[in-house]
Amino acid sequence: MALHVPKAPGFAQMLKDGAMHLSGLEEAVYRNISACKQFSDTVKTAYGPNGMNKIVINHIDKIFITNDAATIVKELDIEHPAAKIIVFASEMQEQEVGDGTNFVIIFAGALLEQAEHLLKMGLTPVEVCEGFQLALEKTLELLPTLTCHEIKDIKNNAEQLVITQAVKSSIMSKQYGQEQFITDLVLKACTSILPEKTTFNVDNVRVCKILGSNLFNSTVVNGMVFKRTNEGDITKQTDAKIAVYTCPIDITTTETKGTVLIKSADELQNFSRGEEMVLEEQIKAIADAGVTVIVAGGKFGDMALHYLNKYKIMGVRLMSKFDLRRLCKSVSATALPRLTPPNKEELGYADCVYVDELGDTSLVVFRLDGKDSRMSTIVVRGATDNFMDDIERAIDDGVNTFKGISRDGKLLPGAGAIEMELAYQVGLYADTLPGLEQYGAKRFAVALEGFVKILADNTGVKSNETLAELYSQHSKGNKNAGFNIEAKGSSLIDVTKAGIFDSYLSKFWGLQYATQAACTILKVDQIIMAKRAGGPKAPGGRAPDNDDDA
């Protein structure tokens with residue numbers, strides 16, 4: 001008879017073998033705070049223009065070398081439940097603003113670190129959270145009053161310098177030293193497709209990465225660029241009328257299988273000639289409709305290519321259905337499911353369609369020179385794939401900043417100035433609070449100071465000296481005093497004169513997401529983990545590509 005070992009009484013008795021149950025301050029809260037602090041410390045050194053890069057190797061052995069927190073978080077498969085809450089907050093920031101993910105992770109980690117001191121002093125998690133919430137409300141109330149510039153009309157030429165500085169500040173944190181050139185590329189691409197009435201769409205700026213040469217040979221093309229070659233002999237068409245088909249350009253096959261009984265040589269010749277004549281009639285009808293370029297999602301048959309060359313039509317094959325959709329949007333065409341001649345409404349237009357070669361990569365370029373261009377492509381050159389990936393991430397941040405400015409033109413002083421001013425003001429506000437919440441509000445201000453410390457530490461300057469000098473300036477009413485990363489030693493700078501700006505939306509949402517994540521983690525007093533299901537893991541599909549998400 002098997003020996004029955006009774007389970008320990010209590011909560012564990014209700015769970016299956018292998019389940020975990022952690023409760024109380026020591027087991028649950030401090031453990032969660034410790035995990036989140038370690039996660040925050042990982043990305044802390046990547047903050048700011050002098051931030052260090054991380055090498056991240058993901059689950060399919062792809063290597064990423066970057067200081068972009070969004071990429072680090074995305075590729076690290078974080079399992080800890082509390083750290084995951086911060087990851088979700090940073091992902092929301094990425095979706096809402098497109099920049100400032102590092103800000104959210106660092107600030108949430110700093111709040112939890114300060115909360116740990118308060119909990120050890122004897123405050124309850126609820127009191128700490130109330131203090132944080134009051135400080136957040138005060139911060140969001142102060143934020144609009146601290147704006148140093150507001151862009152009313154993004155199309156106004158007088159505002160272009162400020163827009164350039166705002167986008168440059170965003171790109172500088174990713175590509176310090178090359179920010180001016182990348183900013184010029186981003187602004188050229190964004191302003192060329194800025195719609196008259198509707199809002200700016202980030203997806204309308206594409207990036208095409210081509211190995212070889214160096215970054216300073218990168219260009220902006222109004223229209224679309226594909227890493228493909230043409231089908232047939234025609235390599236260039238000006239004032240092109242474009243027909244887009246989702247089907248193959250070939251002899252149409254019947255939907256059902258059939259048997260043809262051929263009794264003589266004449267019948268055999270007539271049968272194949274009949275197929276050829278049908279195909280020629282189709283291509284001729286398309287040519288008569290004025291089409292000079294055919295773009296297809298399927299293959300081009302040999303006979304079809306012969307007739308395309310005969311009627312001087314250029315053929316381009318695009319493998320991705322998303323690329324077909326984007327091209328249709330770019331050239332104002334309608335994708336047709338069958339090989340029929342298009343009418344005027346279904347035709348697309350491009351000023352020039354041509355085959356080009358950069359390095360050893362063949363390209364097909366659809367160029368639209370007029371104001372009606374709906375897409376622009378930044379052709380990025382570089383020596384390695386990792387370098388070009390990092391440039392693409394910097395461009396993405398720049399384009400998202402431009403989108404943020406087009407929605408809300410308020411700009412805040414950068415270089416740690418806004419964080420220090422908020423820390424100073426929230427510190428004064430905390431002294432006016434009567435209850436235990438004042439401790440939470442004061443620690444909220446200390447957490448905000450952390451950003452200047454990180455900027456100074458990453459630059460190799462004594463952070464305490466910088467912090468004391470900044471506090472002195474902000475207490476005198478100098479709201480725009482920030483940390484100068486380019487000077488030797490601890491030095492301050494007037495950020496509005498230097499043109500270092502932060503997006504209002506980035507800080508507005510970042511502060512909210514970080515505080516909500518920290519309060520959610522603090523209010524957890526039990527962790528109950530069921531036993532994991534046995535058996536092998538389900539095979540994961542291919543990681544989604546950036547081009548496949550639209």
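Which residues are linked with Glu116 in a network of salt bridges? Lys37 and Lys120 are linked with Glu116 in this network. The legends below describe close-up views of a predicted model.

**Figure 1. The ring pair of Phe107 and Phe444 is edge-to-face.** The structure holds 11 aromatic pairs. In the pair shown here, the ring centres of Phe107 and Phe444 are 5.3 Å apart. The planes of these two rings stand at 90 degrees, and planes over 60 degrees apart count as edge-to-face, so the pair gets that label. Phe107 belongs to helix H4 (residues 101-121), whereas Phe444 belongs to helix H13 (residues 437-459). The two residues are 337 residues apart in sequence, so their pair ties together distant positions of the chain. Phe107 has a relative accessible area of 0% and is buried. Phe444 is also at 0% relative accessibility and counts as buried.

**Figure 2. Phe444 also pairs with Phe132, and this pair is tilted.** The ring centres of Phe132 and Phe444 lie 6.3 Å apart. Their planes make an angle of 55 degrees, so the pair is called tilted. Phe132 sits in helix H5 (residues 125-142) and Phe444 in helix H13, with their positions 312 residues apart in the sequence numbering. The pair thus links distant parts of the chain. Phe132 counts as buried, at 0% relative accessibility.

**Figure 3. Six aromatic residues form one cluster.** The members are Tyr47, Phe103, Phe107, Phe132, Phe444 and Phe451. Phe103, one of the cluster members, has the charged end of Lys507 over its ring. This charged end is 4.5 Å from the ring centre of Phe103.

**Figure 4. Lys410 lies over the face of Tyr504.** The distance from Lys410 to the ring centre of Tyr504 is 4.7 Å.

**Figure 5. Lys209 forms salt bridges with Asp389 and with Glu392.** The structure holds 12 salt bridges. Between the side chains of Asp389 and Lys209, the N to O distance is 2.8 Å. Asp389 is in helix H11 (residues 385-407) and Lys209 is in strand E5 (residues 205-211). These residues are 180 residues apart in sequence, so their salt bridge ties together a helix and a strand from separate parts of the chain. Asp389 is buried, with a relative accessible area of 14%, while Lys209 is partly exposed, at 23%. In the salt bridge of Lys209 with Glu392, the closest N and O atoms are 2.8 Å apart. Glu392 lies in helix H11, and it is 183 residues from Lys209 of strand E5 in sequence, so this pair also ties the helix to the strand.

**Figure 6. A salt bridge joins the side chains of Lys442 and Asp431.** The N to O distance in this salt bridge is 3.1 Å. Lys442 is found in helix H13, and Asp431 in helix H12 (residues 417-431). The two residues are 11 residues apart. Lys442 counts as partly exposed, at 36% relative accessibility. Asp431 is partly exposed as well, with a relative accessibility of 46%.

Note on methods
Residues are numbered from 1 along each chain as its sequence is written. This is a predicted model: local features need pLDDT of at least 70, side-chain atom pairs count only at pLDDT 80 or more; totals for chains, interfaces and linings use all residues. Side-chain values use heavy atoms; hydrogens and water are left out. Rings of Phe, Tyr and Trp (its six-membered ring) pair if their centres lie within 6.5 Å; planes under 30 degrees apart count as stacked, over 60 as edge-to-face and the rest as tilted. Helices (H or I, at least four residues) and strands (E, at least two) are DSSP runs, numbered from the N terminus. Buried means under 20% relative accessible area, exposed over 50%, partly exposed in between (1.4 Å probe, protein chains only). A charge sits over a ring if NZ of Lys or CZ of Arg is within 6 Å of the ring centre and within 35 degrees of the ring normal. A salt bridge is a side-chain nitrogen of Lys or Arg within 4 Å of a carboxyl oxygen of Asp or Glu.
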